[in-house]
Amino acid sequence: MAEPQGPLMSPGFWLHHAALEWRATVERNLRPLGLTLTQFNLLASAGWLGRQGEPPTQQQVVDMAGADRMMGSRVIRVLEDRALLARRPDPDDARILRIEVSSEGRALARRAIRIVVDTDEQIFGPDSEALRDRLKSIAAQRIAH
């Protein structure tokens, strides 16, 4: 078992602080579009999933965005109030809501995605594939559950 050497030797410590910096920078960069990071994640997830076939369920969108179910529902309602997406009952099960991104929502998502991609490059550098792959392998453990 490894001996504790203090927080500055912990990759988790640095991952946490790097994530805080990334989040703050993305939030600041998205602000001119009137989007929070959570709103962006839900809108972009709905758009991406919607391109895969039928409109995704609200739960699929929330899961893809990594959001809490209740918070995701509230934020999706805000996006719906802004006419960026619509929630419609599933034709086979009225308890299930399907999410359809509006044309205005798609246009805003495209602009926001460009901002987030540029922010990623700014923070992580142009050659961040190794970091992405390592983080993906770690995150896959959470997503699998």
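This briefing walks through the fold, the surface, the largest pocket and a handful of residues. The model is predicted, so to speak plainly about its limits: local features need pLDDT of at least 70, side-chain atom pairs count only at pLDDT 80 or more, and totals for chains, interfaces and linings use all residues. Residues are numbered from 1 along each chain as its sequence is written, and side-chain values use heavy atoms, with hydrogens and water left out.

**Fold and overall layout**

- The protein has six helices and two strands; these are DSSP runs, with helices being H or I of at least four residues and strands being E of at least two, numbered from the N terminus.
- Read from the N terminus, the order of elements is α-α-α-α-β-β-α-α.
- Along the principal axes, the C-alpha atoms fill a box of roughly 55 × 35 × 25 Å.
- Among the contacts with a separation of 6 or more, 51% join residues 24 or more positions apart; a contact means heavy atoms within 4.5 Å.

**Surface and charge**

- Of the 145 residues, 30% count as buried, where buried means under 20% relative accessible area, exposed means over 50%, and partly exposed lies in between (1.4 Å probe, protein chains only).
- About 10,000 Å² of the protein is exposed, and carbon and sulfur atoms supply 56% of that area; the areas come from the Shrake-Rupley method with a 1.4 Å probe, and for residues only the protein chains shown count as cover.
- There are 20 positive and 19 negative charges, and their mean positions are 4 Å apart.
- For that count, Lys and Arg are positive and Asp and Glu negative, with His and the chain ends not counted; each charge is placed at NZ of Lys, CZ of Arg, CG of Asp or CD of Glu.

**The largest pocket**

- The largest pocket holds about 1,900 Å³ of space.
- Its lining has 47 residues, and W22, N41, M64, A65 and D120 are the closest to the pocket centre.
- A pocket here is an open set of points on a 1 Å grid over the protein atoms alone, where a 1.4 Å probe fits and protein lies on both sides within 12 Å along at least five of seven lines; lining residues have an atom within 4 Å of a point.
- Grid points are joined across faces, edges and corners, and the volume is the space filled by probe spheres set on the points.
- At least two lining residues come from each of α1 (11-30), α2 (37-50), α3 (58-65), β2 (97-101), α5 (103-124) and α6 (129-144).
- Helix α2 gives the largest share of the lining, with 11 residues.

**Residues in helix α2**

- L43 belongs to helix α2 and is buried, with a relative accessible area of 1%.
- Leaving aside neighbours within four places in sequence, L43 is in contact with L79, L84, L85, V101, G105, L108 and A109.
- L43 and R106 are 63 residues apart in sequence, and their C-alpha atoms are 8.3 Å apart.
- T38 is also found in α2 and counts as buried at 18% relative accessibility.
- Not counting residues up to four places away in sequence, T38 touches R23, M71 and V75.
- W48 has its place in α2 too, but W48 counts as partly exposed at 39% relative accessibility.
- The C-alpha atoms of W48 and R106 are separated by 9.8 Å, with their positions 58 residues apart along the chain counted as the distance apart.

**Residues in other elements**

- W22 lies in helix α1 and counts as partly exposed at 21% relative accessibility.
- Residues up to four places away aside, W22 touches L37, V116, D120, I123 and F124.
- W22 and V116 are 94 residues apart along the chain, and their C-alpha atoms are separated by 9.8 Å.
- L131 lies in helix α6 and is partly exposed, at 37% relative accessibility.
- From L131 to S45, the C-alpha distance is 22 Å, and the two are 86 residues apart in sequence.

**A backbone angle to look at**

- Most residues other than glycine have a negative phi.
- A83 is not a glycine, although it has a positive phi of about 65 degrees.
- A83 sits in the loop between α4 (69-81) and β1 (85-89) and counts as partly exposed at 43% relative accessibility.
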